[in-house]
Amino acid sequence: MGYKRKKLTHVHSRKSAKRVKKSCEKPAGNPKNIPPDPFPAEKHPVSASLLPSSSSSSEDEEEDPFMKLVQDLVKDTKRAHSDGETEEDSEPEDEEAEEHDDSGEAEEDADEESGSDVVGEEEEVGSDVVDEEEEDEEVGSDVADEDEEAGSDGEEEENDDSGAEEDENDTDVNSDDADDDVLAESDGSDDSCASENDSDCDDPANNLEDPAMPDVTPGGKDPFIVHFEQLIPESSVKKLEAGEGWQKKTVRTDIGKCLHVWNCDNLKANVPKPSKVSFDDLHIKKRIPIENLKSLVTDDEKGVYSASQVELFLRMYSYQDIYYSEKTYKNQKPIEMAYCLHVLNHTLKSRLKVTANNLKQKAAACRDGTEEYPDQGITRPKVLIIVPFRETARRIVSNFIKILTSDKSQTDNKKRFFSEYSSQDVNNFSNKPEDYVATFAGNIDDHFKIGLGISQKKLQIYTKFYSSDIIIGSPLGLRSVIGETQSKKEFDFLSSIEILILDQTDIFLMQNWEHILYIMDHLHLQPKDSHGCDFSRVRAWALNSWNKYYRQTLVLSSLSSPLINVLFNKYSLNYAGKLMLCPGMTDGSICQVALQIPMIFHRIECSSYSQSVDVRFNTFIKKILPKYRGVSNMNSTMIFIPSYFDFVRIRNYFIKNEIDFLQISEYSKRKDIAGTRSRFFLGKTNFLLYTERHHFYFRTRLRGIRHIIFYELPLYPHFFSEICNLINDVKLKNLPKDDATGSILYSKYDVQRLAAVVGTNRSSLMIHSPKPVHMFVTEP
């Protein structure tokens, strides 16, 4: 019958290369057999800037040789497809072949459906290549997609079930050698539409002049353009680098009382007012259906976005850095949906701009133009999302799918993803608190990384890192990719990150905080390799290594901690400014203690945070421990230790001084824990060393506790009341209820933890009081 589509691709590839070379070398003349363009440049439906310049006169009209190339390629495509088979090719081998194959297939299907009304009309044969592709996609693709839509569900299910051929090109994040595969480079750089490994190339013509998406909103121009396409003065960069010139102001927003910090008045972000903004004003791309946004789950489950959710999204939309310290399991859905929408909108804008400039660059190349279109970084990944567990990654990708779902959308490897990132085990959460169930429900594997690519019609999962737009990973998974050996470190994929999101940051403190610092130190380093980058397309500020001053950082946590504060202040250098949520007034978790216990708070005096470690230890062994050691009525004492380093130090001291004790830490084996609980309950040992990290992961219920020593206040304030309530064991009827005690050590550097435990007002009095000891008596 004729060429199959796959063979036809190779034919057009060779023809295209020859004709492009020949056409670009041939001087301008009077090409024959080319009908006049029905859409002159001044009336063209596509922006006139995309069209090649023509040198026409009133008497002798001279056509650009680029038009002859257009005509020849269109004719060849029509001739080959008129008697050839149309077999879909998921990964085009050449960008030129991909464009003409798609247009030919769309044209053939359109002619069968609508005859002469579609783009196969003769008067459009001689139009510009941009117009040809645009008409084919806009008119023909609707008809061609009808057959695809009818079988899309079946084809997707079949592909997911088989998975063998598709998964050979994907990255298996569970394998030991996945690091090499996940970092493999794509065939093209970021400036190539083919680098998306997607046969459905983005159609920029549908988004360049969209009357539904105006350039000016109540807040001004699109913040994406304002933020990334201006080159900030070098004097401002020096101030940001030196940490000078920061201005602060307390503002009240719908998300609470916040501290707004910015450096330069003329550079800080302009945030639209929520009361004057609608979906049409937010420059949301057409790839994201507005209907999806209006029907997504929100705070009140009624399809109405809450004021806090809108405020948070507008702050993200303005590209400010945000530290939000009140993201809990109760409000995580709307917050995650807000930043997922922001990430997708940002990625689509970036990809569409690159694709539009690809067409401009092609047109300029054939008329010997010297225009440059800087629109990207050195590497393709633009968004990095760091989360603690696979379950969180599953929720994020599910949100992406919900937001992008439409009749023409497609998701690659969806079934494989959900099978690997969903939990197959039934967790036993009996007698566990509500926050524990919410945190550890689902797949809690903490070693993973995955790349996602987004195009006009596809969401691709398991893409190579250098072909990905979005990277989602855990701290451990990303550190294993970066590596430890200096000569073998791989961090180029972090060089062009434009949005960084740290979600559930408080859990990172319970994992390994050093991994986060390690990743942050490897952001925006000079790449070792160009990875096929076209440096004429790289933005000037990226070439100047100013990426960190343009990167937006979003830190989401359920609590405020000095370590997170330091991280945000050190690595958040966004010239648009940053917003930090101020902790609200609280009565403290001490109010939730369910029995009467005298709590004695001992303030330790130290001049610096580094000295507090040694001062705390000396205070403990000289003033606190002697009161409990060798006293008969002070048996069954549990020592609660948040830091594992302090745990090791105290354990070594007990061993050295031959103090009998038991221990339970995050590294204790399950069988050892059972024996320790039994011995402590029977009163065979006076002291039990117990770490906060073990309590976070297991919430072990200990019986027989009579006295508690908090070596340091817990990171999670509700742990204080949980531990104290363990004393109230209704089964121990033979023990008096009025002999339980509690002792707590704190310093002025623990003001955030202290306020969360005893309350905001009381903590201020305790920090500034001349008396170092304060006692509280809880009431049931």
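**View 1. Buried residues of helix 11.** In helix 11, the buried residues (under 20% relative accessible area with a 1.4 Å probe, protein chains only) are Gln309, Glu311, Leu312, Phe313, Leu314, Arg315, Met316 and Tyr317. That is 8 of the 11 residues of this helix, which spans 307–317, so helix 11 is largely enclosed by the rest of the structure. Just after helix 11, Tyr319 takes a positive phi of about 65°. Helices here are DSSP runs of H or I with at least four residues, strands are E runs of at least two, and both are numbered from the N terminus.

This is a predicted model, where local features need pLDDT of at least 70, side-chain atom pairs count only at pLDDT 80 or more, and totals for chains, interfaces and linings use all residues. Residues are numbered from 1 along each chain as its sequence is written, and side-chain values use heavy atoms, leaving out hydrogens and water.

**View 2. An open sheet of 7 strands.** The strand order is 16-17-15-18-19-14-20, with mixed pairing; two strands pair if DSSP finds at least two bridges between them. Strand 16 (661–664) and strand 20 (773–777) stand at the edges with a single partner strand each, so one side of each lacks a neighbour in the sheet.

**View 3. Strand 14 beside strand 20.** Strand 14 (residues 598–603) pairs with strand 20 in the antiparallel sense over 5 bridges. Look for His602, which stands opposite Val773 in strand 20.

**View 4. Helix 24 on the sheet.** Helix 24 (residues 670–681) touches strand 15 (637–641), strand 16 and strand 17 (687–691), with contact meaning heavy atoms within 4.5 Å.

Methods:
Axes fitted to C-alpha atoms, helices over the stretch in contact; angles between N-to-C directions. Buried < 20%, exposed > 50% of the residue type's maximum accessible area, 1.4 Å probe, protein only.
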